Amino acid sequence: MLRSPTAVVLAGLLAAVPPLAAAQEKAAPAQPIPVYESVTSTPKRFEVLKRLWIESGRSPFAIPGYESREEALAAFQAHAAGLGGNGVINFGCYRLPGVFGTGSRLACNGTIVRFL
């Protein structure tokens, strides 16, 4: 059975490339994105990328709520990573009013930055 030269070369190249999963395992683990409640405790130089839940037009009407501070921290860190940021500053959470004043959800805001 004869094989085309293109198929032989392609098979050789595919055999030489390490599996994607193995390459991802060797990659260095991502550094956690630091979150600061105050700008005074942050590194001195940074670039503001986005203020979350403050300057959008929907803020007065629909602010995302979180069940816990840890859930909010994870969400803000994910937003920062998605925008290319490496930090969150001025982070704060506040209890949302619920039925009969028994709110259990948190509204949080903060600023995604890139430390220089």
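Biologist: Which residues of H3 are buried?
Modeller: This is a predicted model, where local features need pLDDT of at least 70, side-chain atom pairs count only at pLDDT 80 or more, and totals for chains, interfaces and linings use all residues. Residues are numbered from 1 along each chain as its sequence is written, and side-chain values use heavy atoms, with hydrogens and water left out. Helices (H or I, at least four residues) and strands (E, at least two) are DSSP runs numbered from the N terminus; buried means under 20% relative accessible area, exposed over 50%, partly exposed in between, using a 1.4 Å probe and protein chains only. By that cut-off, the buried residues of H3 are Ala72, Phe76 and Ala80.

Biologist: What arc do they cover around the axis?
Modeller: Again, the buried set is Ala72, Phe76 and Ala80. An α-helix has 3.6 residues a turn, so residues three or four places apart point the same way. Taking directions from the helix axis to the C-beta atoms, these residues sit on the same side of H3 because their arc is only 75°.

Biologist: And which exposed residues does the face turned away carry?
Modeller: Strands E1, E2, E3 and E4 are among what covers the buried residues of H3. Turned away from that buried side is a face with the exposed residues Glu70 and Gly82.

Biologist: How far apart are the end C-alpha atoms of H3?
Modeller: The expected span is 1.5 Å times one less than the number of residues. For the 15 residues of H3 that gives 21 Å, and the model agrees, with its end C-alpha atoms apart by 21 Å.

Biologist: Which elements each supply at least two residues of the largest nonpolar core?
Modeller: A nonpolar core is a set of buried Ala, Val, Leu, Ile, Met, Phe, Trp, Tyr and Cys residues joined through side-chain atoms within 4.5 Å. The largest one has twelve residues, including Ile33, Trp53, Phe76, Val88 and Cys108. The elements that each give at least two of them are helix H3 (69-83), strand E3 (87-95) and E4.

Biologist: How many bridges join E3 to E4?
Modeller: Two strands pair if DSSP finds at least two bridges between them. E4 pairs with E1 (residues 46-52) in the antiparallel sense over six bridges, and two bridges join it to E2 (residues 65-66), also antiparallel. Ala107 in E4 stands opposite Gly65 and is the bridge partner of Tyr94 as well. E3 and E4 run antiparallel too, and the bridges joining them number seven.

Biologist: Which residue does the disulfide join to Cys93?
Modeller: A disulfide here is a pair of cysteine sulfur atoms within 2.5 Å, and the whole structure has one. It links distant parts of the chain, E3 and E4, with its cysteines 15 residues apart. The link is right-handed, with 105° about the S-S bond. At an S to S distance of 2.1 Å, the partner of Cys93 is Cys108.

Biologist: Is Thr111 buried or exposed?
Modeller: Thr111 lies in E4 (residues 106-115), where eight of the ten residues are buried. Counting contacts as heavy atoms within 4.5 Å, and leaving out residues up to four places away in sequence, Thr111 touches seven residues' worth of neighbours, among them Val48, Arg51 and Ile89. Because its relative accessibility is 6%, Thr111 counts as buried.
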